[in-house]
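Visitor: I'm new to this structure and would like a slow, close look at one part of it. Please start with the largest pocket and what lines it, then follow the trail inward from there.

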Amino acid sequence: MSMMRFHGPAGQEDMPYLLTPGPLTTSRTVKLAMLADWGSRDVEFRKLVKEIRQELLQIAGCDDTYECVLMQGSGTFAIEAALGAFCPDKRKKTLVVANGAYGERAAQILTRINRPHERISKNDTTQLSAEHIIPTLQEDKNISHVWLIHCETTSGIVNPIGDLSRAAKSRGCIFMVDAMSSFGALDINMVRDGIDVLVSSSNKCIEGIPGFAYVLVRKNLLLLSQGHSHSVVLDLYDQWIGLEASGQFRFTPPTHALVAFRQALRELDEEGGTAARRKRYARNAEALVKGLAEIGIKPLLSDNASGPIIQTFLTPRDSHFKFDLFYEKLRQRGFAIYPGKLTQRDSFRIGTIGHLDEAVMLRAVAAIKDVLQEMNVKDFMPRDL
Ligand SMILES: *Cc1c(COP(=O)(O)O)cnc(C)c1O
């Protein structure tokens, strides 16, 4: 770490804030909750697991026709588990609607596990809508499932789930959502929005640490999925049976991540729930976008498409701008941004979720201005305009 002085998160002031969409900056109290070893079979721990499952269903607006299954691993583990549990393996098929890397990855998983699917790929600045899927659903009567990414974290674009859900449901399709980077902040109600399957993980908007993910699903689908999984460890049905029968995971659970997560859930509640969290993230995003607009750095997406999770900015055309140097200099000033650039247009991304507020974002803006000055970047117009 650099010699330069900065002020990182409480209790780890010499480490940078993580301006990344997971892992992200967590509160000190979430980290402190992990200072104990829990026995995975103990009654207290099983109670905690039960509490987490119930709380997640409540946050998602579920009634008692839904179930919550926790799965060890990162978010993609639960995505593969859900695709393996619910997507048909013959006769019928799944439609993957993609506008970024996470949509493409879901299609990749379906290919690997031999599940027939169609894919609609839009570019990452196109917000998806019902019109994008209706013709395919009308033409191809074998499509029985639709998979959508709510907030495509590649760019931060938010797709309108209600709109797409209605289109899918009106044609009798099962509607499945990767709400990894949106659940806990954006407005989601599985009953109202007609979502049959939703996947998210511990280390995104609930602000826990990495270690597990979860699938919220209609109980009847879960029951029908018995024996359908392509995998033993990722078998969602078997995992659910284990959780229901004994309150335990089938295999070693990420005990510390679960204890931290329960604390994170309490803090979400204290903050005022998902609506309050959404507002804080929106203030973070606004502070960042406005701050960078002052020096002429433009966001990739329009206001109504971008959402509060991660912001993508067009790279300045000034030849002095080098992303790797920019990244490292920012890190030395206490801010780790999202590395790499994935969108078609040359851009960089900064996460606006995690245990941080507007004041932190304003300091990040000041650090960015300072770094750009030090790099001698003067022309902030986008490269390819
Ligand atoms: C974070 C994320 C995932 C899961 O990524 P992991 O690295 O497996 O945790 C999946 N989809 C979206 C939209 C995400 O933001």
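Guide: First, a word on the labels: helices (H or I, at least four residues) and strands (E, at least two) are DSSP runs, numbered from the N terminus. Keep in mind, too, that this is a predicted model.

Now to the pocket. The largest one has a volume of about 280 Å³, and 15 residues line it. If you want to find its middle, look for K50, R53, Q54, E67 and E244, the lining residues that lie nearest the centre. Three elements, α2, β2 and α8, each give two or more residues to the lining. The biggest share comes from α2, with 6 residues. As for the character of the lining, it divides into 7 charged, 6 nonpolar and 2 polar residues.

Let's follow α8 away from the pocket. This helix covers residues 236-246, and its buried residues are L236, Y237, Q239, W240, G242 and L243. What do they pack against? Their partners are α2 (43-59), β2 (66-72), α3 (75-86), β10 (212-218) and α7 (219-224). You'll recognise α2 and β2 from the pocket lining. The two ends of α8 are worth a glance as well. At the start, D235 has a side-chain oxygen that comes within 3.0 Å of the backbone nitrogen of Y237. After the helix comes G247, with a positive phi near 75°.

One of the partners of α8, strand β10, is our way further in. Find Y214, which sits in that strand. Y214 counts as buried because its relative accessible area is 0%, and the cut-off for buried is under 20%. Its ring has company on more than one side of the sequence, so to speak, and here it helps to know how such company is described. A pair of aromatic rings is described by the distance of the centres and the angle of the planes. There are 12 aromatic pairs here by the ring-centre rule. In one of them, F183 and Y214 have ring centres 5.9 Å apart and planes at 65°, so this pair is edge-to-face, the cut-off for that being over 60 degrees. F183 comes from the loop between β8 (174-178) and β9 (197-201), so you're looking at a link between distant parts of the chain, 31 residues apart. F183 is buried, just as Y214 is.

Y214 also pairs with F261; the centres are 5.9 Å apart and the planes 50° apart, which makes this pair tilted. Again, distant parts of the chain are linked: F261 belongs to helix α9 (residues 255-271), 47 residues from Y214. F261 is buried too, with a relative accessible area of 0%.

Both Y214 and F261 show up among the contacts of another residue, S202. Where is S202? You'll find it in the loop between β9 and β10. It counts as buried, at 0% relative accessibility. Its side chain reaches the backbone oxygen of I209 at 2.7 Å. Leaving aside neighbours within four places in sequence, the contacts of S202 also include E207, G208, P210 and F212.

Let's finish with the enclosed spaces. By the grid rule, the model has 2 cavities of 30 Å³ or more. The largest holds about 40 Å³ of space. F183, the ring partner of Y214, helps line that cavity, together with I59, A60, S182, G184, L186, I188 and T274. By class, this lining has 5 nonpolar and 3 polar residues, with no charged ones. The second largest cavity has a volume of about 30 Å³. Among the residues lining that second cavity is E207, which you've just met as a contact of S202. The others include T26, V30, I206, A264 and H355. This second lining has 3 nonpolar, 3 polar and 3 charged residues.

To retrace the path: α8 helps line the largest pocket, the buried residues of α8 pack against β10 among other elements, and Y214 in β10 pairs with F183, which lines the largest cavity.

Definitions and conventions. Residues are numbered from 1 along each chain as its sequence is written. This is a predicted model: local features need pLDDT of at least 70, side-chain atom pairs count only at pLDDT 80 or more; totals for chains, interfaces and linings use all residues. Side-chain values use heavy atoms; hydrogens and water are left out. Buried means under 20% relative accessible area, exposed over 50%, partly exposed in between (1.4 Å probe, protein chains only). Contact means heavy atoms within 4.5 Å. A polar contact is a pair of N or O atoms within 3.5 Å; within protein, one must be able to donate a hydrogen and the other to accept it, and residues adjacent in sequence count only if both atoms are side-chain atoms. On a 1 Å grid over the protein atoms alone, a cavity is a set of points where a 1.4 Å probe fits but cannot get out, and a pocket is an open set with protein on both sides within 12 Å along at least five of seven lines; lining residues have an atom within 4 Å of a point. Grid points are joined across faces, edges and corners, and a volume is the space filled by probe spheres set on the points. Ala, Val, Leu, Ile, Met, Phe, Trp, Tyr, Cys and Pro count as nonpolar, Asp, Glu, Lys and Arg as charged, and the others, Gly among them, as polar. Rings of Phe, Tyr and Trp (its six-membered ring) pair if their centres lie within 6.5 Å; planes under 30 degrees apart count as stacked, over 60 as edge-to-face and the rest as tilted.
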